[in-house]
Amino acid sequence: MPESTPRFTLLTAARLLDGSSSPPVTQAALLVENGRVVRMGRAADVRAPDGAAVDRRDYGEATILPGLVDAHTHLVAPGDGTLGDDVAKEDDDILLLQAAQNARTLLHSGVTTLRENGAKGKVAFSLREGIRRRLAPGPRMVICGRPIAMTGGYFGSEADGEAAVRAEVRKLLKEGADYIKIVASGGSTRTSDPNRASYTVPELAAMTDEARRHGKLTAAHCTSAQSVQNCLDAGVDMIIHCIFTEPDGTYRFRPDLVERLVAAKAWVNPTLYVMKAGIERQREVREREGRLTPELEAQFEAGRRALDVRVDAVRQMSEAGVLMTAGSDSPWGWYAPGEFVHEIHMLAQAGLSYSEAIVAGTAGAADSIGVGALSGRLLPGRQADVLVVRGDPMREITDLWNVLDVYQAGRRIERGIV
């Protein structure tokens, strides 16, 4: 039988960003065939074969760029301030529905690939498979399944001791985990201390060794200086949060650890906006309820000062050459789903150029989570995961909010927006 006529989609816009640090292509076009990028460049040079059926979409004064890659999500959370302990109390069926709703929201906002940083039970595995089967819309998912934590340290898989943590890595990989998430310090639960390390170096080394034996990356939640140091000693691939807090709660910037991060080529996911959201949205709620006391206002002001310190630390790390990836941590805490742009914007506020911040949320994020060959870049032969926004985010990064269309593997996503 003769082959069916190829279906082409031709997108044109004022500019195109390919996800790298290359200058934008102006008066640009992107040609897609069967879900993959065929050609890209200036519109005058990009054409479909003569006689081919073409769906032409001209976006005018807009920017074509890769679909965003969020390197840190928790899809089971509602993003309304619910504590991690309380999220963990929900039935898995409810959490799966919540996660599916959040995945859809993220996709509609322009996120076409995400790393899920810790769910409960088999929720992440089920959602990933459901999206793969197109039972539910959502970004391509890279999952850990469940984070590995010390007993009482976090919701997820509890394991203590070198043999037990190694066995838990094997169990997660058997279930289909794409990478291993380690909770290397306390935090997010009432029974843990964010200022202290949770695991010893030998325990961490057992997990990283087992993951590497299977060709898998590791990432670790680190909200204390000792946990960062321990993870560097054990060879963890990504340091999440990367907060240099001492056991007594004081903060001291650690140039020695920054030097080690650079030397190790470890990625850092600073998660700045989740802290800002916790300050701003809690304050809004308390003010609306008439419960904004002077004591609470003082707490919020202290939180803002602590955030300023963290933003400055990210600036110093970036200037030193630390590899920065954009991962929202949403919808954890008060960080609502579908607002990844806030984190990209905060990286720019921490000193990254607009170009660098966009790369951190596209190609850089994809590289950091091990899918750089699949996501985060527009290149001939790649799946056409595409975001189109009104305006020019290289001039004003908040234009990333102005979503006109999202394409996943060449398919235009119906977002219910006219």
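This is a short guided tour of the structure above, stop by stop.

The model is predicted, so to speak of local features a pLDDT of at least 70 is needed, side-chain atom pairs count only at pLDDT 80 or more, and totals for chains, interfaces and linings use all residues. Residues are numbered from 1 along each chain as its sequence is written, and side-chain values use heavy atoms, with hydrogens and water left out.

**Stop 1: the sheet**

Select E6, E7 and E8. Helices (H or I, at least four residues) and strands (E, at least two) are DSSP runs, numbered from the N terminus. These 3 strands make an open, parallel sheet in the order E6-E7-E8. Strand E6 (68–73) and strand E8 (140–143) are at the edges with a single partner strand each, so each has one side without a neighbour in the sheet. From one strand to the next, the twist averages 20°.

Now keep E6 and strand E7 (residues 111–116): they pair in the parallel sense over 4 bridges, where pairing takes at least two bridges found by DSSP. Aspartate 70 is the residue to click here, as leucine 114 in E7 stands opposite.

**Stop 2: helices on the sheet**

Add helix H2 (residues 92–108), which lies across E6 and E7 and runs at about 135° to E7. Axes are lines fitted to C-alpha atoms, for helices over the stretch in contact, and angles run from 0 to 180 degrees between N-to-C directions. Then add helix H3 (residues 123–132), which packs on the sheet and touches E7 and E8, its direction making about 155° with that of E8. Contact means heavy atoms within 4.5 Å.

**Stop 3: charges over rings**

Show the side chains of arginine 115 and tyrosine 179: the arginine lies over the ring face, at 3.7 Å from the ring centre. Lysine 122 likewise lies over the face of phenylalanine 125, at 5.8 Å from the ring centre. The criterion is NZ of Lys or CZ of Arg within 6 Å of the ring centre and within 35 degrees of the ring normal.

**Stop 4: isoleucine 148**

Move to strand E9 (residues 148–149), where isoleucine 148 is found. Is isoleucine 148 buried or exposed? Isoleucine 148 is buried, at 0% relative accessible area (buried is under 20%, exposed over 50%, partly exposed in between, with a 1.4 Å probe and protein chains only). Residues touching isoleucine 148 include Val165, Leu172, Ile182 and Met207.

**Stop 5: aromatic pairs**

The structure holds 3 aromatic pairs. Rings of Phe, Tyr and Trp (its six-membered ring) pair if their centres lie within 6.5 Å; planes under 30 degrees apart are stacked, over 60 edge-to-face and the rest tilted. Select phenylalanine 244 and tyrosine 251, a tilted pair at 6.4 Å centre to centre with 45° between the planes. Phenylalanine 244 is buried at 0%, whereas tyrosine 251 is partly exposed at 29%. Add Phe253 to see the cluster that ring pairs form with Phe244 and Tyr251.

Next, tyrosine 273 and tyrosine 335 have ring centres 4.8 Å apart and planes at 70°, so this pair is edge-to-face. Both tyrosine 273 and tyrosine 335 are buried.

**Stop 6: H8 against H10**

Finish with H8 and H10, which pack at an angle of about 110° with their axes 9 Å apart. H8 and H10 are therefore roughly perpendicular, the class for 65 to 115 degrees, beside roughly parallel (under 35), roughly antiparallel (over 145) and oblique (the rest). To see where they meet, show Tyr273, Lys276 and Arg281 in H8 with His342, Glu343 and Met346 in H10.

How values were computed. Lists of a residue's contacts leave out its neighbours within four places in sequence.
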